[in-house]
Amino acid sequence: MSEHAPHTRRRVVGLIVVVAIAVAGALLLLRACQDEQPQSVSIVAAGDMGCDPKDPGSGTALECQAKAVSDIAVGLKPYAFIGLGDYQYEIPTTEGYDAVYHPTWGRLRDITFPAIGNQEYKVHEANTFHTYFGERSGPDQGYWSVQLGQWHVVFLNSNCTVVTGGCGAGSPQHRWLQQDLADNLTKCTMAVWHHPRWSNGIAGSDARMSAFYETLLVNDVDILLSAHEANYERFAALDGSGKPLSVGVRQFVVGTGGQVTYDPEVGDAKWRAKAKPVPSEFFDADHHGVLQLTLDPASYSWQFFAVGAGIVDSGSADCH
């Protein structure tokens, strides 16, 4: 036997011990972070909120209902509010945030986790968005993750022409998502971005985030929250081609935060002539409203509260 063999074995054993200690330390840190969070939390989510201060639609049934929707959200006393983008129309000026957003949805600013939408970029580098939300707006590039209760939540930037490197496979944001989800050891996971992967609204499904969606599938992500469309829509758990899959991702589209709602049959949904719709389980273009999610350690439930109509959609599911 080589005289170096015992030393080699000791080095290998030492390396194994170091790795084991590091893994144990990471698990202890994760456990500590989870222990600091409640076992179950109630969150609310919505996007597309504040009308332009000069919008003549204020007070009508289908327009400018940010006050009524946010009243519901505030009354639910959520642990957190997940903003799904497009907080202030048409140009998100400081005046608009002060006059419209702040007296309504701004009541939840201290517990808001805001995804970034396309309206925000109508101001150079989304400056008014970052100024209004401050540290809560996250990094400039718009992708980051947090722990809410026992859930891991990733926020992504679906403004693919703006975010550095775009939204394709291998882009900086995509590589970050892969690593973030690979490092995640929680049972339940949710993703948040503005433009819906699946939609039967005016704009239709958005394939630009398909690489990201596939990464969600590979990592057993349970929920995707989006907005952008002026309606509420809930899909079954779907695979990467939009077909039902028991371990797929369930997407909610909640673009009903107050700015406007409209039915795509009335609008100009040109995509319908080019693509087959992906069927959803529930669609509502008649009401503004807010989605409430109760996030338990191994499951979740949802309720959509519509202005003037109460709960119009509800259900529950287990995490993967």
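A pocket here is an open set of grid points with protein on both sides within 12 Å along at least five of seven lines, and its lining residues are those with an atom within 4 Å of a point. In this predicted model, the largest pocket is lined by Tyr121, Glu125, Ala126, His130, Asp140, Gln141, Val162, Val163 and Thr164. The space in that pocket comes to about 150 Å³. Sorted by class, its lining holds four nonpolar, three polar and two charged residues.

One of these lining residues, Ala126, has some odd backbone geometry to show. Its phi is near 55°, a positive value in a residue other than glycine. Ala126 sits in the loop between strand E3 (112-114) and helix H4 (127-133). Is Ala126 buried or exposed? With a relative accessibility of 0%, Ala126 counts as buried, because the cut-off for that label is anything under 20%.

Closed space is a separate matter. Searching the whole structure turns up one cavity of 30 Å³ or more, and the volume of the largest cavity is about 40 Å³. Around it are Pro114, Ala115, Ile116, Phe129, His130, Ser137, Pro139, Gly142 and Trp144. This lining splits into six nonpolar and three polar residues, with no charged ones. His130 turns up in the lining of the largest cavity and in that of the largest pocket as well.

Stepping back to the whole chain, the protein has six helices and 13 strands. Of its 320 residues, 51% are buried. Contacts reach well along the sequence: taking those between residues at least 6 apart, 73% join residues at least 24 apart.

In soluble globular proteins, nonpolar side chains tend to be buried together. Here the largest nonpolar core has 51 residues, and the ones with the most contacts inside it are Ile82, Trp105, Met190, Leu225 and Leu293. A second, separate core of 24 residues includes Trp198, Phe212, Leu238 and Val253. Back in the largest core, what does Ile82 touch once its neighbours within four places in sequence are left aside? The list runs to Ile43, Val44, Ala45, Ala46, Phe113, Leu148, Phe155, Met190, Val192 and Leu225.

Leu293, another of the residues with the most contacts inside the largest core, leads to strand E11 (residues 289-295), where six of the seven residues are buried. E11 has partners in two strands. Five bridges tie it to strand E1 (residues 41-46) in an antiparallel arrangement, and Leu293 is the E11 bridge partner of Ile43. With strand E12 (residues 299-306), E11 also runs antiparallel, this time through seven bridges. Leu291 faces Phe304 of E12 in this pairing. The two strands, E11 and E12, make a hairpin with three residues between them.

Strand E6 (residues 188-192) is where Ala191 is found. Ala191 has a relative accessible area of 0% and is therefore buried. Its contacts, leaving out residues up to four places away in sequence, are Val154, Leu216, Val221, Ile223, Leu224 and Leu225. Val154 lies 37 residues from Ala191 along the chain, yet their C-alpha atoms are separated by 4.8 Å.

Leu216, one of the contacts of Ala191, is also among the buried residues of helix H6, along with Ala211, Phe212, Tyr213, Thr215 and Leu217. Which elements cover the buried side of this helix? The cover includes helix H5 (172-183), E6, E7, strand E8 (232-238) and strand E9 (249-254). Phe212, one of these buried H6 residues, is included in the second core.

After H6 comes Asp220, with a positive phi near 60°. Asp220 belongs to the loop between helix H6 (210-218) and strand E7 (223-226). Like Ala126, with its phi near 55°, Asp220 is a residue other than glycine with a positive phi. The accessibilities part ways, though: Ala126 is buried at 0%, while Asp220 is partly exposed, since its relative accessible area is 39%.

One more backbone oddity deserves a mention. The peptide bond from Tyr89 to Glu90 is cis, with omega near -25°. Glu90 is located in the loop between strand E2 (80-83) and helix H3 (94-101).

How values were computed
Residues are numbered from 1 along each chain as its sequence is written. This is a predicted model: local features need pLDDT of at least 70, side-chain atom pairs count only at pLDDT 80 or more; totals for chains, interfaces and linings use all residues. Side-chain values use heavy atoms; hydrogens and water are left out. Buried means under 20% relative accessible area, exposed over 50%, partly exposed in between (1.4 Å probe, protein chains only). Helices (H or I, at least four residues) and strands (E, at least two) are DSSP runs, numbered from the N terminus. Two strands pair if DSSP finds at least two bridges between them. On a 1 Å grid over the protein atoms alone, a cavity is a set of points where a 1.4 Å probe fits but cannot get out, and a pocket is an open set with protein on both sides within 12 Å along at least five of seven lines; lining residues have an atom within 4 Å of a point. Grid points are joined across faces, edges and corners, and a volume is the space filled by probe spheres set on the points. Ala, Val, Leu, Ile, Met, Phe, Trp, Tyr, Cys and Pro count as nonpolar, Asp, Glu, Lys and Arg as charged, and the others, Gly among them, as polar. Contact means heavy atoms within 4.5 Å. A nonpolar core is a set of buried Ala, Val, Leu, Ile, Met, Phe, Trp, Tyr and Cys residues joined through side-chain atoms within 4.5 Å.
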